[in-house]
Amino acid sequence: MYFKLLGASLIVFAAYTYGYNISSMYQKRVLQLKELLLALEMLLAEVNYGLTPLPRAFINVGKKLKKPVGTVFSEAATLMLKSKGLSAQECWKKALERNCDALQLSRNGMELVDRLGLVWGQCDKSGQLKQIALIQELLRQALEEAENEYHKNDKIWKYLGLLGGLTMVIFLL
Amino acid sequence: MPNTAGNIIKQISPLLAPKVRFIVENLPNELLVKTEEIRLRHSRPLIIIWSGGESYLGPKGPVVAPRDAYMVSDEDLVKTLELISSYSLYAYEEELKQGYLTIPGGHRVGLAGRAVVEGGRIKVLRDISSFNFRVARQVKGAGEKVLAFIFDRRSGRILHSLVISPPQGGKTTLLRDLARLISEGAGILGQAGKKVGIVDERSEIAGCYQGVPQLDVGFRTDVLDACPKAEGIMLMLRSLSPQVIITDEIGRGDDVKAIEEAIHAGVSVIASAHGSSLEEICQRPIMGGLLQKNYFERLIFLSNRRGPGTLEMIIEGEKGLPLYSLRHGGE
């Protein structure tokens, strides 16, 4: 009897954790998009007021942000400073590849972040500011979608996990 | 210059597009040592210029015919621009307008491309199609001979001097070494050095990168980098109390006014101007006017007759007496 109870509670716990993980993925997506928007806001200031060269600006931004978004900026800066002849886009892409497992973005979000690589360092000040602002706008839309999805899916997945676990237990018993 | 090859490998080649970098890094040392310029032009051969000649560079080293040389591609140029501007064109707009960038080590990269003009002035250079990497060379000791003529032992003062030479005659090298010698006060001065202010509009004298001099201009020297000469001289006078002001390539009306201001404030001025003879300089309206006022106590003529920085003549400013002439075998 005790074994059955133990097994049943393990099944319920495992199913609930599964549902919880999926719902926290939606939460992480929202948080990471917010971090990215914050990063772009900081970069706007670095470009606009400080005229800080990009590697330095990336280091400054990377230090202030949480992982993994901050790490992407820091690693891109390290690659730029290594002087291996890589373009800004290549450095950005490599940094993204190294951190893609930790980034919980949707496909659309990843595409946007990937597109950021094309933005860096190719334009004069006003062009650079406009391009950052454009990506910001697109990221805001992505954030709105991600927030909607989070609100929609958060409770569903948590309950679904729990109820799924209970259903399984009932059938097995 | 034993360091030139090392400087090219360490400071310049990391900023070249990978294919060009590979070619330059594999050049024989004896060629790198004398390299003065590396020229990249769109769809044209990669060339290096050295004292007294030039070489076309092929994928495996110098080649004889231009058609065998490596042709610089669009990708090479785009990448090189990204690398020299540290991926930040927005941070170097002003330099791009002027057509050059200074890179670590004080080397200068000249640029040519399509100028975007707004209101009759260059707004920005776009579609860069040529790069000229000019290797910065510091010739320590280049100013020792001249210093003896521009230092007044009795008053302990540096005399107002104008260095005149055609392009690539060694004006900037001389000014740089004079700054170092006067600032450090060694040798001929026989006394503590003087406070030197360099107004370096084109970042050529001190070769500043992000505000820090990359070449040795002495430890009592303050450098106002990329600052318009006239404004810079006034700023120096107001706040940095220099005893000697050094500036490059004067020629505009504003520069002349600021120089007059400095001279009247009791500060020694050493400046340079393009020209090959006194007559030629006098014909230029602004420079002619300045020379007629006899502010400059020494006029120093350089040429590249026997290599860059050949000291041709030194004239006493007021009476025009020659103090030194190469043709007459010295003093």
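1. B:Arg252 has a relative accessible area of 44% and is therefore partly exposed. The model is a predicted one, and the points below should be read with that in mind. B:Arg252 pairs with B:Asp255 in a salt bridge whose closest N and O atoms lie 4.0 Å apart. B:Asp255 has 2% relative accessibility, so this residue counts as buried.

2. The pairing of B:Arg252 with B:Asp255 belongs to a network. Salt bridges link B:Glu201, B:Lys229, B:Arg252 and B:Asp255. Over all chains, the search of the whole structure finds 17 salt bridges.

3. Chain B also holds a salt bridge between the side chains of B:Glu204 and B:Arg108, at 3.6 Å from N to O. This pair links distant parts of the chain, 96 residues apart. B:Arg108 is in strand 6 (residues 108-118) of chain B, while B:Glu204 is in the loop between strand 11 (196-200) and strand 12 (221-225). Are the two residues buried or exposed? Both B:Glu204 and B:Arg108 are buried.

4. In chain A, A:Glu147 and A:Lys34 form a salt bridge, with 3.7 Å between the closest N and O atoms. Here too the pair links distant parts of the chain: A:Glu147 belongs to helix 6 and A:Lys34 to helix 1 of chain A, with their positions 113 residues apart. A:Glu147 counts as partly exposed because its relative accessibility is 26%. A:Lys34 is at 41% relative accessibility and so counts as partly exposed.

5. Helix 6 of chain A also contains A:Asn153. Its relative accessible area is 13%, under the 20% limit, so A:Asn153 is buried. Which residues does A:Asn153 contact, leaving aside its neighbours within four places in sequence? A:Asn153 is in contact with A:Ser23 and A:Tyr26.

6. The contact between the chains involves 23 residues from chain A and 16 residues from chain B. Together, chain A and chain B bury about 1,500 Å² between them, and 55% of this area is on carbon and sulfur atoms.

7. How many salt bridges are counted between chain A and chain B? The count is one. B:Lys79 and A:Glu90 form a salt bridge, and their closest N and O atoms are 3.1 Å apart. Seven residue pairs are in polar contact between chain A and chain B, both residues being at pLDDT 80 or more. On the side of chain A that touches chain B, helix 2 (54-64), helix 4 (88-99) and helix 6 (125-172) of chain A each supply at least two residues. By class, that side of chain A has eleven nonpolar, eight polar and four charged residues.

8. The largest nonpolar core has 84 residues, of which A:Phe73 and A:Trp120 touch the most other members. Helix 1 (residues 2-50) of chain A gives the largest share of this core, twelve residues. In soluble globular proteins, nonpolar side chains tend to be buried together.

9. A:Trp120 has contacts in both chains. Not counting residues up to four places away in sequence, A:Trp120 touches B:Tyr87 of chain B. Within chain A, its contacts are A:Leu40, A:Leu43, A:Leu54, A:Phe58, A:Phe73, A:Ala88, A:Trp92, A:Gln128 and A:Ile132, with sequence neighbours up to four places away again left out. A:Phe73, named above with A:Trp120 as touching the most other core members, is thus itself one of the residues that A:Trp120 touches.

Note on methods. Residues numbered from 1 in each chain as written. Chains lettered and ligands numbered in written order. Predicted model: local features only at pLDDT ≥ 70, side-chain atom pairs only at ≥ 80, totals over all residues. Heavy atoms only, no water. Contact = heavy atoms within 4.5 Å. Buried area = accessible area lost by both parts, 1.4 Å probe. Polar contact = N/O pair within 3.5 Å; in protein donor to acceptor, adjacent residues only side chain to side chain. Helix = DSSP H or I, 4+ residues; strand = E, 2+ residues; numbered from the N terminus. Nonpolar A, V, L, I, M, F, W, Y, C, P; charged D, E, K, R; others polar. Core = buried A, V, L, I, M, F, W, Y, C linked by side-chain atoms within 4.5 Å. Buried < 20%, exposed > 50% of the residue type's maximum accessible area, 1.4 Å probe, protein only.
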